[in-house]
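Here is my note on the structure you asked me to look through. Please read each point with the structure open beside it.

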Amino acid sequence: MKRISLLLLLLTLIGCGEKKSEEKTEPTPKKIVIPEKLAFGFNLNDFTVVDDTIRKGDTFGAILGKQNLGDVLPFEVVEKVRDSFDVRMMRVGKPYTLLQTKDAEKKLQVFIYQPDRLNYYVLDLRDSVRIKKVTRPVAIKRRTIAGKLDGSLSEALADARVEASLAARISKIYQWSIDFFKLQKGDKFAITFTERFINDSIYDGVDSLEASFFEYKGQKIYAFPFSQNPGSDKIDYYDAEGKPLKSFFLKAPLKFSRISSRFSPRRFHPVQSVWKAHKGTDYAAPTGTPIMSTAAGVVELAGYTAGNGNFVKVKHNGTYSTQYLHMSKILVRKGQRVSQGQIIGKVGSTGLATGPHVCYRFWKNGVQVDALKMKSPSAMPMESKYKERYLAQIKPLKQELDSVANLH
C-alpha cells in the first residue's frame, strides 16, 4: 500500500513538473526608439512642425497673429524683440519654421526665420519671450582640379562641379594677359582654390583662389595672389617669375564672347557688299551684353553716326585711344573719366551691322592698329625686396599644380 502511495505521489510530481515546463513566458515588449530629428538646436519630434515662406503682404505681426500665442499678444512680442530683430528685414521668399505643441491647441513655442543659408533667428516663446541670432559654423575645404579644355572655361568648371562664379573670377584675374576667346580645345589648365561649407555639408560657394595656370599660345601662364606688404589687404596677381598679370589694357572689351571678324586691310563688308579695310576686331555677343573700357581714360566722343551706330571713343593718354561701335545703349558722356573695366555701354547692332556685336578699334600715336597684335604696357612690377618671399611662397603651389596637371 505504501509503495502504491509513493508511486502516485511521484507521478503527481512529475506531471506537475511537465506542466510547469510547458508554461510559456510572455516576451518583454521592445521599446520603440524614435531617432532624434535635430534642427536649429531642437528635437523636432517634440513639436508639430510647420515650414513656410514669407509671402507678399506678410508681416511679422500678421504671421504671429494667425498663431495660438496663449495669453501673449502679437504686438507685445514685436515690441520685446524690436532691438534684437528688425522685422522690416523679412523678405518675400525667405523660409521660416513654426514649432507648435503636439496637442490639439497647437500653441506656438518657437518661431525661426532664415534670412540666408548662414544665419537664422530663433524666437523662443516658452516661459518668456527671447530671441537670438545663430550663425552656422563654416568649414573651408581646399582642392585642386586640372584638365583639358573641350569647350569654354565655364563648361570645364561645370564638369568638375565647381561653382560658375569661379569662371568670372578667373577671367577677371587673367583679363590683362589671356584672351579667353582664343583658348584652344585641348589647352591644359589647373586651379587650386578653397570652398565654403555650412555645417560641414551645405555648399556655399568658392572662397578664394590660391593658384592657377592656363595654357595660352603654347605657354603656361600662372597666377598667384600676393601682398607685397604683409600688413595690407591689397592683393595682386603675379606669374611664376613674379611679373604682374595686370597691364595697361584688358585683352578684350567683353568678358565672354567670340571674335566674329578680325582686323584686316581688305574684307568684304557684309552690309555694303564691297571690299574695304576693317580696322577693328568684332566681338559677337547677345544684345545688352556689357561693354568695358579696356583702360582708364577720358571719354573723347560719345554719340551716333550712320556707319558706327551708337559709339564711344576713350582717350587713355597721349599715345593710346580706343573706340567701341554699334552699341544698343551708351552709358557714359563726353568728358567723363572712366576706369579700366568700367561698363561704358551695351552690345547692339546700330549703324552698319548685321547682328549684335561690338567693333573694338585701337589707336597708337594716331594710327589704327590691330589690338590683338598689340603688346600692352605692363603695370608696376613687384619690388625686388619682396621677390624672394614671393618665390618661396609659390614654390609648393606651383609644384602641386604641375603634378596634378601631369595626371591629365
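1. Before the points on helices and cores, one term has to be fixed: a residue counts as buried when its relative accessible area is under 20%, as exposed when that area is over 50%, and as partly exposed in between. Please also keep in mind throughout that this is a predicted model.

2. With those words in hand, helix 3, which covers residues 74-81, is a good place to begin, and its buried residues are V77, V78 and V81. They cover an arc of only 100° around the axis, and therefore they sit on the same side of helix 3. On the other side of the helix, F75 and K80 are exposed. As for what the buried residues of helix 3 pack against, the partners are helix 2 (60-65), strand 6 (119-124) and strand 7.

3. Strand 7 leads us to a sheet, and it helps to recall that strands of a sheet pair through backbone hydrogen bonds, either parallel or antiparallel. Here 5 strands form an open sheet, in the order 3-4-5-6-7, with antiparallel pairing. Its edges are strand 3 (48-53) and strand 7 (130-135), each of which pairs on one side only. From one strand to the next, the twist averages 20°.

4. Within this sheet, strand 4 (residues 95-100) deserves a closer reading. Strand 3 and strand 4 pair in the antiparallel sense over 6 bridges, and in that pairing T48 has Q100 as its bridge partner in strand 4, while D51 has T97 as its partner there. Strand 4 is also joined to strand 5 (residues 108-113), by 5 antiparallel bridges, and here the bridge partner of T97 is I112 in strand 5. T97 can thus be followed from D51 to I112. Strand 4 is mostly covered, with 5 of its 6 residues buried.

5. A second sheet to examine is an open one of 5 strands in the order 8-9-10-11-12, again with antiparallel pairing. Its edge strands, strand 8 (138-148) and strand 12 (236-238), each pair on one side only, and the twist from one strand to the next averages 30°. Strand 8 is joined to strand 9 (residues 188-198) by 11 antiparallel bridges, and one place to find this pairing in the model is A139, whose bridge partner in strand 9 is F197.

6. Which strands does helix 5 lie across? Helix 5 (residues 165-173) lies across strand 9, strand 10 (202-216), strand 11 (219-226) and strand 12, and runs at about 40° to strand 10. Helix 6 (residues 387-405) lies across strand 8, strand 9, strand 10, strand 11 and strand 12, and its direction makes an angle of about 135° with strand 11.

7. Turning to the interior, in soluble globular proteins nonpolar side chains tend to be buried together. In this model the largest nonpolar core has 25 residues, of which L254, Y283, I291, Y324 and I344 touch the most other members. Strand 19 (309-315), strand 20 (320-330), strand 22 (343-347) and strand 23 (357-364) each supply at least two residues of this core. Apart from it lies another core, of 24 residues, including L157, F180, F189 and Y216.

8. Strand 22 can be traced through its pairings as well as through the core. Strand 17 (residues 290-292) is joined to strand 22 by 3 bridges, the two running antiparallel, and P290 stands opposite K346 in strand 22. Strand 20 is likewise joined to strand 22 by 3 antiparallel bridges, and I330 has G345 as its bridge partner in strand 22.

9. The last point concerns a single residue: is H357 buried or exposed? H357, which has its place in strand 23, has a relative accessible area of 9%, and so it counts as buried. Its side chain reaches the backbone oxygen of G355 at 2.9 Å. Once its neighbours within four places in sequence are set aside, H357 is in contact with D282, Y283, A284, A285, L325, H326, V347 and G348. Among these contacts is Y283, already named in point 7 as a member of the largest nonpolar core.

Technical notes:
Residues numbered from 1 in each chain as written. Predicted model: local features only at pLDDT ≥ 70, side-chain atom pairs only at ≥ 80, totals over all residues. Heavy atoms only, no water. Pairing = 2+ DSSP bridges. Helix = DSSP H or I, 4+ residues; strand = E, 2+ residues; numbered from the N terminus. Axes fitted to C-alpha atoms, helices over the stretch in contact; angles between N-to-C directions. Core = buried A, V, L, I, M, F, W, Y, C linked by side-chain atoms within 4.5 Å. Buried < 20%, exposed > 50% of the residue type's maximum accessible area, 1.4 Å probe, protein only. Polar contact = N/O pair within 3.5 Å; in protein donor to acceptor, adjacent residues only side chain to side chain. Contact = heavy atoms within 4.5 Å. Arc of directions from axis to C-beta.
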